[in-house]
Amino acid sequence: MRIHQEHLGKTTMKINLELYASLMELLPPGKSRHRREIEIPDNAVVNDAIKQVGIPDDQAHIVLVNGHFVCGSERDSKKFQPGDVLAIWPPVAGG
Amino acid sequence: MSWTKKILRVNLSDGSCTPEPLNMAWANEYLGQRGLASKYLVEEIDPTCDPLGPDNKLIMATGPLTGTMASTGGRYAVITKGPLTGAIACSNSGGFLGNEMKNAGWDMIIFEGKSPEPVYLYIEDDLAELRPAADLWGKSVWETDDLLHQMHQDPLLRIACVGRSAEAGCLYAGIINDKHRAAGRSGVGTVMASKNLKAVAIRGTKGVGNIDNPEKFFQAVNDAKAVLAENAVTGQGLPTYGTQVLMNVINGVGALPARNMREVGFEGAENISGEAMHEPRPSDGKPNLTTNAACFGCTIACGRISTVDKNHFSVQNKPEYWGASGGLEYEAAWALGADTGVDDLDALTYANFLCNEDGYDPISFGATVAAAMEMFENGQITTEHTGGIELKFGSAEALTKMAELVAHGEGFGLDLGLGSKRLCEKYGRPELSMTVKGQEFPAYDPRGIQGMGLGYATSNRGACHLRGYTVASEVLGIPVKTDPTVTEGKAELVKAFQDATALVDSSGLCLFTTFAWTMDNIAPQIDAACEGDWSVERCLEAGERIWNMEREFNKAAGITGKDDTLPKRLLSEAVKQGPTAGQVNRLDEMLPEYYQIRGWNEDGEVTEETRQRLGL
Ligand code: SF4
């Protein structure tokens, strides 16, 4: 929330956060099963948003923005557009 | 070597059961289970034989690690010529049958011929005999299992059997063991029923020995178990959510096919997901998921045990379905759900119970219903065919009714039992069949995951995710992340997955260990258990040998490079929406390179040089 405080006002934007599997425990109360609207600084990168939500580094395994993978190296540079969907999974697999 | 070095040959035509020594020279080349039994099959049957005729054989086989203390070491496989595809079929199952077979002192059972009357095979250690099964014929898997336990007064008897769907000729019937573990795909149960063989009941008390180097084995197994426990996927993800955690992942990345693969992306995915299975229902406050479960010796325990809401329309006044039973796995939930457009978790769970109760493959069944739904929408199939049922996409009532008809081999269920390819041909729309070599697709759209397209097209048993699961790399980042939208590098990736999988399937271990293990964890366990030196290189070469042997069988059966393709829909109808919008599968960019890397000619034939290199 620190980042959020510093950037209150014009410099924040809203994106949609989706958390899955064990990360659902970190969702604030709300109606949707997986999705919450969150406010982030305009210039936040993906890793800032991950930190803001309180997800430990090793738990943000699959990270998608609008369905596109954001791999480790891009998470410190990729920024958001208002309304983007940021979806995060811990390490999971199946088959 | 952890072999009993003894196999059982059962001649169903004359009723004889004869022990014979295991061919150890072949075991050294093909390891066990899938590889070794395929070698026996290839040597013993005419590849052009009728899969449902007496000349086909059916082999139940363990691997060298089956029944040992290796984690997940309880697997067995059924190898035969499959009726759905006409290709070599190998279906793998967990539960407790494989280790029981080994404990009774048998590495493998070969069934040949055809019994004049229904029979079951009873094994108690060295005793092996065929017994009459007239009373069991016409019974479901669950009834058969209960009756055999009662008859033998032995709660520890392990049973594999076929249900009524197989007896009725459903071409994708499986063999179910322990009531809800399945050698599920490619119609291996149909072959078993065609031989008038209803069940195999085994009690083994001998223990599994013959470990080549027990001390080394103990160490290798313990080290490997620690890797499984510490890995986030095998230690936490799979036990908690099972394979069903993939529903939202695959939908999220734009690779979840829906409505007979006409669409990509399913709006109801989250209602039928692994997460939804954990949610308390409004009616009784209980979740769909009761508990997880493990196969013999497994330290992962990915299995799902579920209940259906007693008030759900599908089970009202049917108390026999109110108890907990084998629940939804991801592939089943996709085929029964997204592919038919149904997002009713209870309906899917009930349909899945029926698949277990009467032994048929939920993937092929769901995909065949989906094709029928598309033909219903287009008017080729009408309520006259379906017995008055409105076979509409999204109808849970239609889905559950169809599941009952296939289970009992009645009415339109007989048509659905043909599988998607034959059904679409029968009703004049062959292009609507979403199959490769006659087998239905599982739950990953190859327009969204390019490597899977190549894997499906070249799979030796038709469309299948378990012949080379590149989803692990392309989506899940295991062992390394690759981009699912590119074709570059996929030929090599597919080959690597196919060869490694062939080896794991021949070992007695479960493929799911490979979410944590690499060949560096697997080879030392095989090496310590078996005679000789089983290095990583030797393991991978054996995997490649097995793959090529299967390919050669298929060629002799009349399946050629021309069959290494995908339905037109997936090659030419682009995804309309979502993150993969505009994509088709670009198989032509991958296939020639794949042939080259495999050492095959441009028609996809194994060259003499490759044959020599692999000792085929
Ligand atoms: S991981 Fe799952 S399927 Fe594999 S052996 Fe364990 S419980 Fe069975």
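Q33(B) lies in helix α2, residues 33-44 of chain B. Phi of Q33(B) is near 40°. That value is positive, and Q33(B) is a residue other than glycine. Most residues other than glycine have a negative phi. The structure is a predicted model. The model scores ipTM 0.94 and pTM 0.97. In chain B, the average pLDDT is 97. A score of at least 70 is reached by 100% of the residues of chain B. Where pLDDT is low, predicted coordinates should not be read in detail.

A second local feature of the backbone concerns a proline. The peptide bond from I478(B) to P479(B) is cis. Its omega is near -5°. Most peptide bonds are trans. P479(B) sits in a loop of chain B, between α19 (471-474) and α20 (490-504).

Chain B is divided into three parts: domain 1 (6-203), domain 2 (243-252 + 256-439) and domain 3 (467-614). The C-alpha centres of domain 1 and domain 3 of chain B lie 27 Å apart. These two domains are in contact, with 32 residues taken from domain 1 of chain B and 29 residues from domain 3 of chain B.

One pair of helices in chain B was examined in detail. Two packed helices are described by the angle between their axes and the distance between the axes. The pair consists of α11 (residues 330-338) and α12 (residues 345-358) of chain B. Their axes come within 10 Å and cross at roughly 115°. The crossing of α11(B) past α12(B) is right-handed. On the side of α11(B), the contact is made by A332(B), A333(B), L336(B) and G337(B). Their partners in α12(B) are L348(B), A351(B) and N352(B). Of the residues in this contact, five are nonpolar and two are polar. No charged residue takes part in the contact of α11(B) with α12(B).

The ligand is surrounded by residues of chain B. Four cysteines belong to these surroundings: C295(B), C298(B), C302(B) and C510(B). The alanines A293(B), A294(B) and A301(B) are also found around the ligand. So are I300(B), F512(B) and T72(B). Two arginines, R75(B) and R181(B), complete the list. By class, the shell divides into nine nonpolar residues, one polar residue and two charged residues. Domain 1 (6-203) and domain 2 (243-252 + 256-439) of chain B each give at least three residues to the shell around the ligand.

Key: Residues numbered from 1 in each chain as written. Chains lettered and ligands numbered in written order. Predicted model: local features only at pLDDT ≥ 70, side-chain atom pairs only at ≥ 80, totals over all residues. Heavy atoms only, no water. Near = heavy atom within 4 Å. Nonpolar A, V, L, I, M, F, W, Y, C, P; charged D, E, K, R; others polar. Domains from an automatic or database assignment. pLDDT = per-residue confidence, 0-100. Axes fitted to C-alpha atoms, helices over the stretch in contact; angles between N-to-C directions. Helix = DSSP H or I, 4+ residues; strand = E, 2+ residues; numbered from the N terminus. Left-handed = near helix turned anticlockwise from the far one by under 90°. Contact = heavy atoms within 4.5 Å.
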